[in-house]
Amino acid sequence: MPELPEVETIRQDMIKKVKGKKIAKVEIRNGKNIRIISPQEFERRLKGKIIKDIKRRGKYLILPLDPPDFLIFHLKLTGRLLFSPAGAKEPDYVRIVFTFTDNTRLFFADIRGFADIYLLTQNEMETVPIIKNLGPEPLSPEFTLDKFKQRLKDKKGKIKPLLMNQSVIAGIGNIYSQESLHRAGIHPERNVSKLTDREIEAIYRSLLEVLQEAIKYRGSSVDAYLDLDGKEGKYVPHLRVYGREGKSCLRCGSPIKKKKIAGRGTYFCSKCQK
DNA sequence: CAATCGTCCTGCGGGC
DNA sequence: TGCCCGCAGGACGATT
């Protein structure tokens, strides 16, 4: 499941391999991921367009094309973007093939088919709530400790689902919310309104730390995530709680527990996360 | 009104 | 061993 670090890894690789290329052909084998417009219109509007840049907002990958269009991907659980040199073997689960004028190709693949693809104009970007409603970027310079405190102020409910709420902070999902809470020593079910300033600061620091570290290791290949070259991320061995049920906590040695919190599988240490 | 549920979908794991 | 059931999950809309 691609979260901020995985999407950022894809973005950085796409800058090197896809930026500036012109779309010669769009082959849609399964158009179910294309939102709002028809596959026919999607194909028509993309043909001949140049990918001007690769940007990211939360878990969304945003490709500005020739104005006014933006091609937007949300990979959800099992979406993949895979780049192939001319003539290279095709990956599995391909749904859309973008062929560039130099005969290199970008494959959109998706196993479970939850990923979203949008083609929006500049105007639509500003009005459609998809990206407009996202909270701040955790790795931007504007995301200070004060900003984080302000985002949590007057909120109630458990801290973990709140960290995953995209309108509170953008880009955090099931893996990194758990990892940052473990690092901070905070139980995922703690009520936000009862966290001390000191605890909020610990979560803030842990969150930035874990995101930066995960980007450095090119993300976590949990579930189906693969990078632009079809390779796995290298962060899984560095995960401290996620997927470690029954194993001993790396901070205190107690067995890691797993519990469903707000409908999502959550790993934590009940001894050192209070 | 905040929290939970259902929905989309398919690979895979547990259980017998 | 092999089959089958049901779980997993991001985000949104419906429901309680």
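So, how many helices and strands does the secondary structure of chain A come to? Eight helices and ten strands. Here helices are DSSP runs of H or I with at least four residues, strands are runs of E with at least two, and both are numbered from the N terminus.

Quick housekeeping. This is a predicted model, where local features need pLDDT of at least 70 and side-chain atom pairs count only at pLDDT 80 or more, while totals for chains, interfaces and linings use all residues. Residues are numbered from 1 along each chain as its sequence is written, chains are lettered from A and ligands numbered from 1 in the order they are written, and side-chain values use heavy atoms, with hydrogens and water left out.

Okay, the overall picture. Along its principal axes, the C-alpha trace of chain A spans about 55 × 40 × 30 Å. Buried residues are 54% of the 274 in the chain; buried means under 20% relative accessible area, exposed is over 50%, and partly exposed is in between, using a 1.4 Å probe and protein chains only. Now take contacts, meaning heavy atoms within 4.5 Å. Of those in chain A with a separation of 6 or more, 64% are between residues 24 or more positions apart.

Now let's zoom in on helix α7, residues 174-184. Eleven of its eleven residues are buried. What's covering them? The cover includes α1 (4-17), α6 (159-164), α8 (197-216) and β10 (264-268). Just after the helix, G185 takes a positive phi of about 75 degrees.

Let me pick one residue in α7: I175. Its relative accessibility is 0%, so I175 counts as buried. Setting aside residues up to four places away in sequence, I175 touches M1, E3, S220, V222, L239 and Y242. For a sense of distance, I175 and F42 sit 133 residues apart in sequence and 33 Å apart in space, C-alpha to C-alpha.

You'll have heard S220 in that list of partners. Where is S220? In the loop between α8 and β9 (257-261). Is S220 buried or exposed? Buried, with a relative accessible area of 0%. Leaving out neighbours within four places in sequence, S220 is in contact with E6, I175, Y176, Y225, Y235, V236 and L239. So L239 is a partner of S220 and of I175 too.

That's my tour: a helix with eleven of eleven residues buried, and a loop serine that touches I175 and Y176.
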